[in-house]
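Me: Hi! I've got a protein open on my screen and I'd like to walk through it with you. Can we take it bit by bit?

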Amino acid sequence: MGRFLRWTAALLLLTAMGGAAMVGTGAVTVPPRYAPWAPLDIAEAPNLLTRLKLSRLDGAPRQCHAVLGDAGLRFSPVTDRQTGPGCGLTDAVQVSRSTVAFNSGFTVTCPLAAAWMLFETHTLQPAAQRHFGQRVTRVRHLGSYACRNVYGQAEGRRSEHATANALDIAGFTLADGTTIALPGDWSPADGRKGAFLREVRDGACEVFHAVLGPDYNEAHRDHFHLDMGPYRVCR
């Protein structure tokens, strides 16, 4: 068994090296969406490489701005600054509009803005079309940046909001003026609005690192918390 595994590993390595050589010489062309070295394209449907490409935007503001610009997001870069112990802005952008209008502009890290555009393009709008036959035209948020600890406690670790690495979403408006909001439309789950909100929550989990909503705890009963922090939670 040990010899078989060694031979299999060697064969896989040789195959990979041969494939890399063929790509390098141009004998084989890899579509950008399947190429790990290609930049993130918001228009492409997410796949196994999407999280990798999204992570490469962290600390690469020029590349990140290009991705946002190609996606049609209206934004302006924000100057880096520290606003308090463990608080501040790094590689952040001020978002004014995307394919939807917002109740107000907000400041988030550039990778979070890119994650939002992936979510909006491949989860939010398709879900609205499936459940209501129309698009979302407006999104209501509760804010992004706030220099505070988790849950606003006097002690403890800083919230992802302290570095504008989180965004709280409270509701949506459809093209015909229909509103869908938390917490009122979360239940019953078998209603169209409740089903839509759950599909939106589940789809957000494919892009953002943490997605917290009414099923998580009382503090999130009236919004979806979306962040790109180190902890992966979806509830």
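Me: How exposed is Glu199?

Reply: Happy to help! This is a predicted model. Glu199 counts as partly exposed because its relative accessible area is 25%, and buried would mean under 20%.

Me: Which residue does Glu199 form a salt bridge with?

Reply: With Arg130, and the closest N and O atoms of the two are 2.3 Å apart. This pair links distant parts of the chain: Arg130 sits in helix 4 and Glu199 in helix 5, 69 residues apart.

Me: Is Arg130 buried or exposed?

Reply: Arg130 counts as exposed, because its relative accessibility is 56%.

Me: OK, and how many salt bridges are there in the whole structure?

Reply: A search of the whole structure finds four. One of them joins the side chains of Arg201 and Asp202, with 2.7 Å from N to O. Arg201 counts as buried at 11% relative accessibility, whereas Asp202 is partly exposed at 41%.

Me: What about Glu218, which residue does that one pair with?

Reply: Glu218 forms a salt bridge with Arg221, and their closest N and O atoms are 3.2 Å apart. There is also a network: salt bridges that share partners join Arg201, Asp202 and Asp215.

Me: New topic, helix 3. Which of its residues are buried?

Reply: Cys64, Val67 and Leu68 are buried in helix 3, which runs over residues 61-71. They cover an arc of only 95° around the axis, so they lie on the same side of the helix.

Me: And what is on the face turned away from the buried side?

Reply: That face of helix 3 carries the exposed residues Arg62 and Asp70.

Me: What covers the buried residues of helix 3, then?

Reply: The cover includes strand 1 (74-78), strand 4 (92-97) and helix 4 (110-132).

Me: Switching again: where does Asp168 lie?

Reply: Asp168 lies in strand 7, residues 166-174. Asp168 is buried yet has no salt bridge. The nearest side chain of opposite charge is Arg148, 4.8 Å away, and a salt bridge needs the atoms to be within 4 Å.

Me: So which side chain does Asp168 make a polar contact with?

Reply: The side chain of His225, at 3.2 Å. Leaving aside neighbours within four places in sequence, Asp168 is in contact with several residues, including His141, His161 and His223.

Me: Last one: where is Asn165 found?

Reply: Asn165 is in the loop between strand 6 (136-143) and strand 7. Asn165 counts as buried at 12% relative accessibility, and its side chain makes a polar contact of 2.9 Å with the side chain of Thr109.

Methods:
Residues are numbered from 1 along each chain as its sequence is written. This is a predicted model: local features need pLDDT of at least 70, side-chain atom pairs count only at pLDDT 80 or more; totals for chains, interfaces and linings use all residues. Side-chain values use heavy atoms; hydrogens and water are left out. Buried means under 20% relative accessible area, exposed over 50%, partly exposed in between (1.4 Å probe, protein chains only). Helices (H or I, at least four residues) and strands (E, at least two) are DSSP runs, numbered from the N terminus. The arc is that of the directions from the helix axis to the C-beta atoms. Contact means heavy atoms within 4.5 Å. Lys and Arg count as positive and Asp and Glu as negative; His and the chain ends are not counted. A polar contact is a pair of N or O atoms within 3.5 Å; within protein, one must be able to donate a hydrogen and the other to accept it, and residues adjacent in sequence count only if both atoms are side-chain atoms.
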